[in-house]
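Work through these exercises with the model open. Try each task before you read its solution.

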Amino acid sequence: MSAAPRIDVGLRSERGPILAALMLATALVALESTVLATAVPTIVADLGGFTQFPWLFSSYLLTQAVLVPVYGKLSDVYGRRPVLVFGIALFALGSALCALAWSMPALIAFRAVQGLGAGAVLPMAQTIAGDIYTVAERAKAQGYLASVWGMSAIVGPAVGGVFSDYVSWRWIFWINLPLCALAVAVLLKAFTESRPSGPRRPVDRAGAATLAAGSGLLILGLLEGGQAWAWVSAPSAGVFAAGVMLLLLFVWVERRAAEPILPPWVFARRVVLTSSAVAALVGAVVLGLTSYVPAFVQGSLGTSALVAGFTLSTMTIGWPLAAARSGWFYLRIGFRNTAMIGSVPVLAGTGLLTLLDERSPVWQVAGCCVLVGLGMGLIASPALISAQSSVTWAERGVVTGAYSFARSIGSAVGVAVFGALANSALAAHGAAGSGPLGPERLADAVAPVFVALLVAAVALAVTAATMPNRPAEPPDPT
């Protein structure tokens, strides 16, 4: 048996400055997903627009998702560094505009600009990690990137509360500017890349436009269905119909494009399809936990918002720990077997969630989140790394973009399904629109969501079982 390859990953290693820059760029996006929640009351008091504030989150999530496949393709043409620097710069521009916002509609529009930048940052950070680290090293590198989300889940709400209470909510956005500048400076100094030689390929602009518009409308319909308009209504039907028509047009355009945004081989390779399916289910499960666990802990168990946040953060603490160790497993037993092992704690955690009620202790909820986080670290990272390892540099951006896009779609579908279940449960108990809910009624409303999370976990385990254990070697780039 040959000796295990030496893994040289860490902030003090030769590639440490690059990893630090990727972590900082990821932190900007991760913090922006959590820091605003505690600042909403202050923002509404300053700008007004209480009925519009949910769009602060929807606009950011929507624009973050729609261009991910486009950024992935562009990185395969122009390189990772230009796309990542562009994304950070656009994120910084959106942050500055948010800090200067004079009304709630303006802040919502500028949050959309932030999201456009964030959509480039996350997949590019993962793609660069896939470029500069070997298969043996990638799990630990992805563990470092995943740890950023764990820290952000804890730090973000606290930072948002401090700025809102003691300085100004606008500093939530101003603080991003020096951090963006630092991330770009480190990237430009420490990271150079060699793009494959040959003529630069054309960009499929028509495909990019139709994919972004079509997927954007579908995600918009999923995010706002049952909220801004009824599911069975003219606006809902119009949004979904327009989205489907644009995606059909996208398919027609791609068949004629010289360099399609999503090449046909993306849909023909088993490892890419299964990893994307895993990503979609991971997005749904994580979205369900992050949306409903804090509400359950705070509303049904009677804790503070801080305790509810820390309860959920146990998932994002366990995740990077397992992700960093996943390489030890997949190098020895393969990607599929590693993901199958990870599915066991995910099934256990979501199964235990279905047993919770308003009398459950907080530590029991935290234990469920720990189990799910540990399992996700053994599923999500191997799924991404198996897909990245099956392609060359010139295809890795597309593959990583497809993975990230699938996870966004899964999250949007999760929003729709879980929200519909919770609302149906409230209506069944005669509580819809009746004001604050008691602990028992809230527990009854969340119960079907927890059951749906278990169903999604079962689907995740089945999908993980279809992954190739050892993906084929990437084709010869010549």
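**Exercise 1. Confidence**

Which helix of this predicted model has the lowest mean pLDDT among the elements of the chain, and which has the highest?

Solution. Start at the low end: helix α7, residues 135-166, has the lowest mean, 77. Now the high end: helix α14, residues 335-353, reaches 94. Next, check the N terminus. Over residues 1-5 the pLDDT is below 50. Beyond near neighbours in sequence, this stretch makes two contacts in the model. Where pLDDT is low, predicted coordinates should not be read in detail. Finally, take the chain as a whole. The average pLDDT is 83, and 90% of the residues score at least 70.

**Exercise 2. Overall make-up**

State how many helices and strands the chain has, and what share of its residues is buried.

Solution. Count the elements: 17 helices and zero strands. Then turn to burial, which means under 20% relative accessible area. Of the 478 residues, 54% are buried. Last, the surface. About 19600 Å² is exposed, and carbon and sulfur atoms supply 69% of that area.

**Exercise 3. The two faces of α2**

Find the buried residues of helix α2 (residues 40-47) and explain why they lie on the same side.

Solution. First, list them: V40, I43, V44 and L47 are buried. They share a side of α2 because they cover an arc of only 100° around the axis. Next, look for their cover. It includes α3 (55-66) and α6 (104-132). Now turn to the face away from the buried side. That face of α2 carries the exposed residues P41 and A45. Finish at the end of the helix. G48 follows α2, with a positive phi near 80°.

Note on methods. Residues numbered from 1 in each chain as written. Predicted model: local features only at pLDDT ≥ 70, side-chain atom pairs only at ≥ 80, totals over all residues. Heavy atoms only, no water. pLDDT = per-residue confidence, 0-100. Helix = DSSP H or I, 4+ residues; strand = E, 2+ residues; numbered from the N terminus. Contact = heavy atoms within 4.5 Å. Buried < 20%, exposed > 50% of the residue type's maximum accessible area, 1.4 Å probe, protein only. Arc of directions from axis to C-beta. Areas by Shrake-Rupley, 256 points an atom, 1.4 Å probe, with all protein chains shown as cover.
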